[in-house]
Amino acid sequence: MNLYKYVSDAINEKLGTAVNLETPRNREFGDFSTNAAMVMAKGAGKNPRSLAAELLPQIADLDFVADASIAGPGFINIKLKDDFIWHAAKDATKITQPTQLAIDMDYGSYNVAKSLHIGHLRTSIVGDTLNRVARFLGHRTVSYNHIGDWGRPMGLVIAHIESLHPDWPFFEPDFDAEKINQADYQITAAELDTYYPTASARGKEDPEFLDHARKITADLQNGHPGYTALYNLFLAVSLDMMDGIINKLNMMPFDKTLGERNASMHLDVVEKMLRDRNLLTLSDGAEIVTVRRDTDSEPMPPFMFYNSRGADTYEATDLAAIWYRKTNDNPDKIWYLTDARQQLHFKQVFRVAEMLDLFPTENLEHLYFGTINGPGGQPFKTRDGNAAGLLDIIEMVEDAVRTRTADAGKELDDDTVKSIALAALKFTDLMHDVKSDYIFDPAAVTSFEGRTGPYILYTAVRLGNVLRRAGDIAPTTPMPATLGTDERNLMIEILDFERTIHNTFETRSPDILANYTYDLCQLINTFYHNCPILRDDVPADVRAGRLYIAHAAYAALARAIDLMGLRIPKEM
């Protein structure tokens, strides 16, 4: 149940006007408050407090209201009936599904033959969480890992392999794939990891090597059989490396791993669409589309389809990818999750997609995010001062968990350590507004106290242990004679679960979900400390009631944890 919506809709219908509900800081004054009288007073020509006195009986007459009172200049505080809260909590995690949408989600954007780095962290974590939330709400999603697999880096890697293995047959003019055994030519993940950085550095210092890599890139894109066979060899290694990261981050597998190479196959049809509409113009040897509008107040350079060398561009392949998704998936929306630096790029691409009648720009959303910085506010780096790879970061957090648990005198198995580290890493990212930068400190995020992933898991483990020890509970447990403050507060928070999920989706803001989960954990722990359950001196009816509440709380907490892609260990 969406408690907020249920109460709000009932009051709106009763009063015949749209009002806002708020949650008082001190719940002793009520579970909700409304400024309806203050909003309506001017139109009615009345004093707000006097009008509130007229509205009070109408609100008090609602069947779920236990008490209504006036506060301040005309606020109306509302307290809900205990039995209404009690019965509603049983189905708190059942969601009213909205109108279903088909959504293509583009996140990850990993690169072939390159290690994943810290820049891939937020796109992976946020994208996966929004995908989970969308599917939970019943939307049909197709997740894309739009890999970088077709540009100059591929030529640089092949040129570097040629310098290492000039005797390999892939470089021979008469290469024939049927005459070789691919298994005889092995590239390990560790080796591949070094190829691009080495080749890139060499290309900056050796113009001849760079020119050769450019030629290889062109030949590869034109179907050179030897280069294609070699490319397919290290592509398989690279995809395995990507899958390893996906598993470590407990992400759902991508539905489609298709990048620039696939998009390039559809450039001809997109080019024809552009030419049929006379949208391409020549400018300094490049072919461009003018996307600037008279209403633009900021610079808006043209969209480049072909560069001055006649090569297709990053913009062109992104446009071709939109055509591919329109043709194959026909989604209602396409979401892109990348960092903020690509805002201009996507504005250009979206405008051209609208010009081609593929999608209106409002159906193409760029959900950009801020950067992750180290404790000093500078770009996050490893201990040796190098740019942080994603595996480095995961290892750092796991080491921090082991150090913290050892200092506390605990011994945890490796799976539990990894679950805690995963929660520390992902929850820290999710609890921040996606558009904001944040500081990442492995030592701080692994704390078992405060707004951290380990705190979330610890709460779930402790509550789960109580429920396991108690055994089955009756889903129709009768309500105790009275509900204490801690019990009521927890149940009302549980009943905010549905609104939280809808808000997370509608605003594309996983921080709403993450911070709700933390608030829920705080109330669970207060309930745990102040409302004993299994203690011998607790009466049977009180124990049954508290187990009912604990069960509802665990259901909401476990679902929220799962939607964030975290794993609850058995013990902590």
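Tutor: The expected span of a helix is 1.5 Å times one less than its number of residues, and with that rule in hand we can begin to read this predicted model.

Student: How many residues does helix α15 have, and what distance does α15 reach from its first C-alpha to its last?

Tutor: Helix α15, residues 414-430, has 17 residues and reaches 24 Å between those two atoms, which is close to the 24 Å expected. At its N-terminal end α15 is capped by Asp 413, a side-chain oxygen of which lies 3.1 Å from the backbone nitrogen of Asp 415.

Student: Is α15 mostly covered or mostly uncovered?

Tutor: α15 is mostly covered, since 14 of its 17 residues are buried.

Student: How should I read two aromatic rings that lie beside each other, and how many aromatic pairs does the structure hold?

Tutor: A pair of aromatic rings is described by the distance of the centres and the angle of the planes. The structure holds 22 aromatic pairs, and one of them is formed by Tyr 110 and Phe 254, which are edge-to-face, at 6.0 Å centre to centre and with 85° between the planes. This pair links distant parts of the chain, 144 residues apart, for Tyr 110 is in the loop between β5 and α5, whereas Phe 254 is in the loop between α9 and α10. Both Tyr 110 and Phe 254 are buried.

Student: Why is the pair of Tyr 336 and Phe 346 called tilted?

Tutor: Planes under 30 degrees apart count as stacked and those over 60 as edge-to-face; the planes of Tyr 336 and Phe 346 are at 40°, with the ring centres 4.7 Å apart, and therefore the pair is tilted. Tyr 336 belongs to strand β10 and Phe 346 to helix α13, ten residues apart. Tyr 336 is buried, with a relative accessible area of 2%, and Phe 346 is also buried, at 3%.

Student: Where does the charged end of Arg 325 sit?

Tutor: The charged end of Arg 325 sits over the ring of Tyr 144, 4.2 Å from the centre of that ring, and in another such case the charged end of Arg 499 sits over the ring of Tyr 4, 4.4 Å from its centre.

Student: Why is there no bond between the sulfurs of Cys 531 and Cys 521?

Tutor: A disulfide needs two cysteine sulfur atoms within 2.5 Å, and because the sulfur of Cys 531 is 16 Å from the closest cysteine sulfur, in Cys 521, the two are too far apart for a bond. A search of the whole structure finds zero disulfides. Cys 521 is buried, with a relative accessible area of 0%, and Cys 531 is buried as well, with 5%.

Definitions and conventions
Residues numbered from 1 in each chain as written. Predicted model: local features only at pLDDT ≥ 70, side-chain atom pairs only at ≥ 80, totals over all residues. Heavy atoms only, no water. Buried < 20%, exposed > 50% of the residue type's maximum accessible area, 1.4 Å probe, protein only. Helix = DSSP H or I, 4+ residues; strand = E, 2+ residues; numbered from the N terminus. Polar contact = N/O pair within 3.5 Å; in protein donor to acceptor, adjacent residues only side chain to side chain. Phe/Tyr/Trp six-rings, centres within 6.5 Å; stacked < 30°, edge-to-face > 60°. Lys NZ or Arg CZ within 6 Å of the ring centre and 35° of its normal.
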